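Good morning, and thank you for coming. Please look at the sequence and the structure on the screen, and I shall then take you through some salt bridges and helix contacts.

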Amino acid sequence: MERGAGAVLGTLFATGLTVLLHPHGSASVVLICVVLAAATLVRQNSYAGYAACITTTMSLLYGYYGKSAEQLLLIRLQALMVGAVLAVAVGWLLLPVRAGDVVRGRIAAALAGLAAALEAHRKGSDTVAPLRRFEAAVREVHSSARSLWLHRRVLHLMGRRRATPHRTAPVEALVNCLEPLRALTAAPGNLPGEAATAANVAVIRRSLAAPEVPLPGLRPPSPEPPLAALDAALERLAEGLPALR
């Protein structure tokens, strides 16, 4: 759906560019390089923007080689729309993959990285590699929850209020673990309460592995500043897990 929306935006933008730029001029070649660089930058955050940049690049190339950009872009847009409809139909009807299940699995992988970083800090080992793995895992979780973010925005626009946490709540809580963990791994020594925090991570990981078992209570948060924020984020994560079941 994002690819289809990006193709529409790119087609409109590219049509305007063909009016302003000479199709065979050097400015067109420079602009192609600029648009491709922009596509590389926006791909991680907006697939619609990436598709719009690629469509714009195609339009500039069509014009540069003396072809009718408007006609070819219309054919490309129609093909993308048909492909989008087929892909969505397959994803909904033939081979559905629930976003909640994917998010649960990736949260479990991220918590494994969090546990490794905590263990390395408690033992006085190098925490750079475990921290980097945790950061990469959090980015994977955030990326896999894109459809959940869209669902929450739709509910917000419709004015619907939820009495229970949305399925994005545990994702937000996991993201909130980043800064306190960075501060913790930068602090020397083993802070009081780290063992309790590691135990809370283990409890949440067991709950993810066995969602049918009620989540036991977590240990009280630590009064230490980095651990207090980390424990608070873990508590919110635990409270939001039922929304993913």
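E140 has a relative accessibility of 43%, so this residue counts as partly exposed. The model in which we see it is a predicted one. Which residue does E140 pair with in a salt bridge? The partner is R106, and the closest N and O atoms of the two are 3.2 Å apart. R106, at 32% relative accessibility, likewise falls in the partly exposed class, because the range in question runs from 20% to 50%. In the chain, this salt bridge joins distant parts: R106 belongs to helix α5, E140 belongs to helix α6, which covers residues 128-144, and 34 residues separate them.

The search of the whole structure returned six salt bridges, and I shall describe two others individually. The pair K123 and E119 has its closest N and O atoms 2.9 Å apart. Where do these two residues lie with respect to each other? Both are in helix α5, and because they are four residues apart, about one helical turn separates them. Is K123 buried or exposed? K123 is exposed, with a relative accessible area of 61%, while E119 is partly exposed at 40%.

I turn next to helix α9, residues 178-186, which holds both R182 and E179. These residues are three apart, about one turn of the helix, and their side chains meet in a salt bridge with an N to O distance of 2.4 Å. E179 is exposed, its relative accessible area being 53%, whereas R182 is partly exposed at 29%. This pair also belongs to a network: R132, E135, E179 and R182 are joined by salt bridges that share partners.

Let me now return to helix α5 and consider its packing. Helix α5 spans residues 99-123, and its axis comes within 10 Å of the axis of helix α10, residues 194-209. The two axes cross at roughly 160 degrees. Why do we call this arrangement roughly antiparallel? Angles over 145 degrees are placed in that class, and α5 and α10 are therefore roughly antiparallel to each other. Their crossing is left-handed. On the α5 side, the residues in contact include R104, I107, A108, L111 and L118; on the α10 side, they include E194, A195, V201, I204 and L208. How do the residues of this contact divide by character? There are 12 nonpolar, three polar and four charged residues.

The second contact is that of α5 with helix α11, residues 225-240. Here the axes come within 14 Å and cross at roughly 155 degrees, so that α5 and α11 are also roughly antiparallel to each other. This crossing, too, is left-handed. Which residues meet in it? From α5 we have I107, L111, L114 and L118, and from α11 we have L230, L234 and L237. The residues of this contact divide into seven nonpolar, no polar and no charged.

In closing, I would draw your attention to I107, L111, L114 and L118 of α5. These residues take part in the contact with α10, and they also meet α11. The contact with α10 includes four charged residues, whereas the contact with α11 includes no charged residues. Thank you; I shall be glad to take questions.

Conventions:
Residues are numbered from 1 along each chain as its sequence is written. This is a predicted model: local features need pLDDT of at least 70, side-chain atom pairs count only at pLDDT 80 or more; totals for chains, interfaces and linings use all residues. Side-chain values use heavy atoms; hydrogens and water are left out. Axes are lines fitted to C-alpha atoms, for helices over the stretch in contact, and angles run from 0 to 180 degrees between N-to-C directions. Angles under 35 degrees count as roughly parallel, over 145 as roughly antiparallel, 65 to 115 as roughly perpendicular and the rest as oblique. A crossing is left-handed if the near helix is turned anticlockwise from the far one by less than a right angle, and right-handed if clockwise. Contact means heavy atoms within 4.5 Å. Ala, Val, Leu, Ile, Met, Phe, Trp, Tyr, Cys and Pro count as nonpolar, Asp, Glu, Lys and Arg as charged, and the others, Gly among them, as polar. A salt bridge is a side-chain nitrogen of Lys or Arg within 4 Å of a carboxyl oxygen of Asp or Glu. Buried means under 20% relative accessible area, exposed over 50%, partly exposed in between (1.4 Å probe, protein chains only).
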